Amino acid sequence: MCFIKGKYNSHDVLLRPLIISTRSFLLSPSQMAKLGEEEEEGPVDGKEDYTEDGTVDIKGKPVLRSKTGRWRACSFIVGYEIFERMAYYGIASNLVLYLTKKLHEGTVASSNNVTNWVGTVWILPILGAYIADAHLGRFWTFLISSAIYLMGMSLLTLAVSVHALRPPSCGQGIKEELCDKRASPLQKGVFYGALYIIAVGTGGTKPNISTMGADQFDEFQPKERIQKLSFFNWWMFSIFFGTLFSSTFLIYIQDNVGWSLGYGLPTAGLAVSIIVFLIGTPFYRHKLPAGSPFTKIAQVLVAATRKWKDPLPNDPKELHELGIEEYSRSEKFRIDHTLSLRFLDKAAVKSGSSSSPWILCPVTQVEETKQMIKMLPVLLTTLIPSTVVAQVGTFFIRQGTTLDRSMGPNFEIPPACLTAFVTIFMLISLILYDRYVVPITRRYTKNPRGITLLQRMGIGLFLHIIIMVIACIAERKRLSVAKEHKIFGKSDTVPLSIFILLPQFALMGVADAFVEVAKLEFFYDQAPEGMKSLGTSYFTSSLGIGNYLSSFLLTTVSDVTKTHGHRGWILDNLNISHLDYYYAFLAILSFLNFLAYLLVAKFFVYNVDQESKRNMQEAIIESSPSRKI
């Protein structure tokens with residue numbers, strides 16, 4: 001495998017805390033204290049102790065280990081992430097209700113607008129990673145994107161606060177669901193413009209901030225490598241804390257105090273966090289742009305296509321490949337030739353005298369491209385599961401608005417607060433899986449992970465089927481109670497506790513601990529070292545395309561079921577809709593997708609243990625005559 005010392009891609013550790021957290025959730029206090037003591041150590045024997053991973057300061061100069069990076073720098077980055085997650089989930093968790101109650105959008109329109117926005121949020125990190133990898137670097141890409149992010153948050157706060165920009169009120173005594181006043185095109189334009197400015201901002205911050213935090217620890221220094229594990233754990237904690245805070249406190253503020261304060265608080269918090277991040281600038285370590293993996297793949301595809309008529313040699317050793325010493329000088333490790341996707345081997349066929357990378361590519365580059373392509377079938381089978389996940393922020397919450405939300409005589413739980421249970425149960429599942437499931441299964445499978453990544457993902461996909469079946473049953477129960485009490489009004493409350501929805505929210509958290517974590521780790525682990533950014537972008541693309549697919553399916557089902565004079569499954573009035581049919585439809589799709597996934601997983605061939613391969617390559621290099629001179 002190709003290993004580039006000192007060069008990482010911006011997606012390399014995007015959301016990687018989920019991977020590392022399943023290995024060791026939190027270091028013990030004694031371990032943390034020990035790490036803290038180690039961090040204070042300075043240069044050895046009075047010599048300048050520079051980092052070994054190629055990191056530089058903001059001016060591009062080598063940095064001293066004792067004066068930069070580590071927790072001194074990461075404290076600013078982790079603090080930023082807490083407020084950023086509050087800001088994002090403070091919007092995403094309750095957005096469908098704002099669109100329904102304030103902009104008076106219908107069930108289909110509001111749900112689609114949410115999933116389209118979330119899909120954009122998850123797609124744009126590919127662009128953000130490319131800009132950082134190929135042009136600006138992480139720090140400047142992040143900083144510019146943060147300014148865009150803050151501008152979007154500020155505009156969104158103005159859109160719900162300024163009288164001329166917020167939708168008209170129907171006055172006291174009239175329920176928002178029954179209001180016939182509509183927002184003007186200007187008001188809608190400002191609101192949606194703010195949302196998509198935020199999406200552009202997150203596209204640049206999401207892939208770069210976590211990676212920049214990981215850059216503060218030198219992988220080639222044993223003590224800092226241990227500290228990096230602690231960073232990922234605390235990074236994950238910051239995500240959970242920010243998500244829980246937004247899913248409880250901020251949502252309560254939005255529902256019971258007002259949207260101005262509900263959006264103003266995270267906007268102010270985001271502004272403060274950016275300032276805090278800037279204060280830490282003198283302490284940050286930076287890695288220079290390493291180039292985009294898209295270019296490498298494009299070169300292989302173009303070269304193979306150009307030489308599609310050229311015959312392949314019988315001996316793979318006749319294909320173009322750089323020598324071991326060449327990789328040694330550039331501090332890379334090469335990948336051996338494989339027999340899969342042999343058409344791409346034509347990119348390495350020697351023909352003519354041209355050495356252009358668009359005509360002739362080394363075997364290692366070809367194999368990197370093969371590894372990325374062979375993951376595409378797995379990626380395709382993760383789209384339906386991402387569509388299922390999208391229901392949490394749309395229909396699951398809309399169901400809650402029709403149920404009894406009272407907890408005591410004076411308190412009503414906001415429907416979107418149930419999303420907190422997804423986070424809580426995911427956290428509990430991660431701990432239990434790491435502490436109990438992995439050690440037990442490891443005894444029988446002899447696999448360090450307990451079970452393979454695809455097996456873990458498969459368990460989560462099966463849980464998705466169960467979730468949609470449970471959601472269907474819960475919805476049928478809600479409709480039967482509504483019919484029994486003759487409750488058919490659009491804004492009428494069904495005398496059934498909102499906690500009937502708790503199982504589907506809780507199980508979604510458990511499923512995420514299997515599907516989303518394994519999906520991220522799989523795409524990261526199976527991507528070649530030089531293309532980790534693209535591998536992790538498969539993960540974000542899965543979520544993004546899944547949300548777009550959710551919009552497509554919902555629109556199609558809504559339109560098709562209204563044909564031939566039928567009322568349709570999904571109406572603005574959920575009390576006379578058939579959301580249970582739609583959930584059953586998603587359950588069937590999930591089952592069919594699960595069968596396709598089993599077929600894909602059966603024929604997938606994992607990469608060779610790259611750690612062993614890397615050690616062997618290092619031994620060869622070290623034993624070569626030129627290295628002994």
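**Side-chain contacts and burial in the predicted model**

At a relative accessibility of 35%, R342 counts as partly exposed. The structure described here is a predicted model, and R342 offers an entry to its charged contacts, since the side chain of R342 meets that of D345 in a salt bridge with an N to O distance of 3.7 Å. D345, in contrast to its partly exposed partner, is buried, with a relative accessible area of 1%; the cut-off for the buried class is under 20%.

Side chains of opposite charge can pair when their charged atoms come close. By the rule applied to the model, the count comes to twelve salt bridges. One of these joins the side chains of E412 and R405, at 3.6 Å from N to O. Within this pair, E412 counts as partly exposed at 43% relative accessibility, whereas R405, at 19%, counts as buried, because the buried class takes in values under 20%. Another salt bridge is formed by the side chains of R435 and D434, with 3.9 Å between N and O. Here R435 is partly exposed, with a relative accessible area of 47%, while D434 counts as buried at 11%. Salt bridges that share partners also join R342, D345, E367 and K370 into one network, so that the bridge between R342 and D345 described above belongs to a wider set of charged contacts.

Aromatic contacts were examined in the same model. By the rule used for rings, the count comes to 30 aromatic pairs. In one of them, the rings of F139 and Y284 have their centres 6.4 Å apart and their planes at 50 degrees, and the pair is therefore tilted. F139 lies in helix α7 (residues 138-159), and Y284 lies in the loop between α10 (259-279) and α11 (293-306), so the pair ties together parts that are 145 residues apart in sequence. Both partners are buried: F139 has a relative accessible area of 5%, and Y284 counts as buried at 1%. A further aromatic pair, formed by W259 and Y263, is edge-to-face, with 5.7 Å from centre to centre and 65 degrees between the planes. In this case both residues lie in helix α10, four residues apart, which is about one turn of the helix; W259 is buried, and Y263 is buried as well. Beyond individual pairs, F139 and Y284 belong to a cluster in which ring pairs link them with Y80, W140, F142 and F277.

Rings also take part in contacts with a charged side chain. The charged end of K206 sits over the ring of Y88, at 5.3 Å from the centre of that ring. K206 lies over the face of W122 as well, at 4.4 Å from the ring centre.

The strands β1 (residues 403-404) and β2 run parallel and are joined by two bridges. The bridge partner of L403 in β2 is V494. In a regular strand the side chains alternate between the two faces of the sheet. Such alternation is found along β2 (residues 494-497), where V494 and L496 point to one face and are buried, while P495 and S497 point to the other face and are not buried.

Contacts between positions far apart in sequence were considered for two loop residues. I413 is placed in the loop between β1 and α17 and counts as buried at 8% relative accessibility. The C-alpha atoms of I413 and I498 are separated by 8.7 Å, although these residues are 85 residues apart along the chain. E529 is placed in the loop between α19 (502-526) and α20 (532-560), and at 23% relative accessibility it counts as partly exposed. The C-alpha atoms of E529 and E368 are separated by 8.6 Å, with their positions 161 residues apart along the chain.

On the surface, a nonpolar patch of about 700 Å² is made by I424, I428, L432, Y436, V437, I440 and Y444. Among these residues, I428 has its place in helix α17 (residues 419-445), and it counts as partly exposed at 40% relative accessibility.

Conventions:
Residues are numbered from 1 along each chain as its sequence is written. This is a predicted model: local features need pLDDT of at least 70, side-chain atom pairs count only at pLDDT 80 or more; totals for chains, interfaces and linings use all residues. Side-chain values use heavy atoms; hydrogens and water are left out. Patches are made of residues with over 30% relative accessible area and no salt bridge: like charges are joined within 9 Å, nonpolar side chains (Val, Leu, Ile, Met, Phe, Trp, Tyr) within 5 Å. Accessible areas come from the Shrake-Rupley method with a 1.4 Å probe; for residues, only the protein chains shown count as cover. A salt bridge is a side-chain nitrogen of Lys or Arg within 4 Å of a carboxyl oxygen of Asp or Glu. Buried means under 20% relative accessible area, exposed over 50%, partly exposed in between (1.4 Å probe, protein chains only). Rings of Phe, Tyr and Trp (its six-membered ring) pair if their centres lie within 6.5 Å; planes under 30 degrees apart count as stacked, over 60 as edge-to-face and the rest as tilted. A charge sits over a ring if NZ of Lys or CZ of Arg is within 6 Å of the ring centre and within 35 degrees of the ring normal. Two strands pair if DSSP finds at least two bridges between them.
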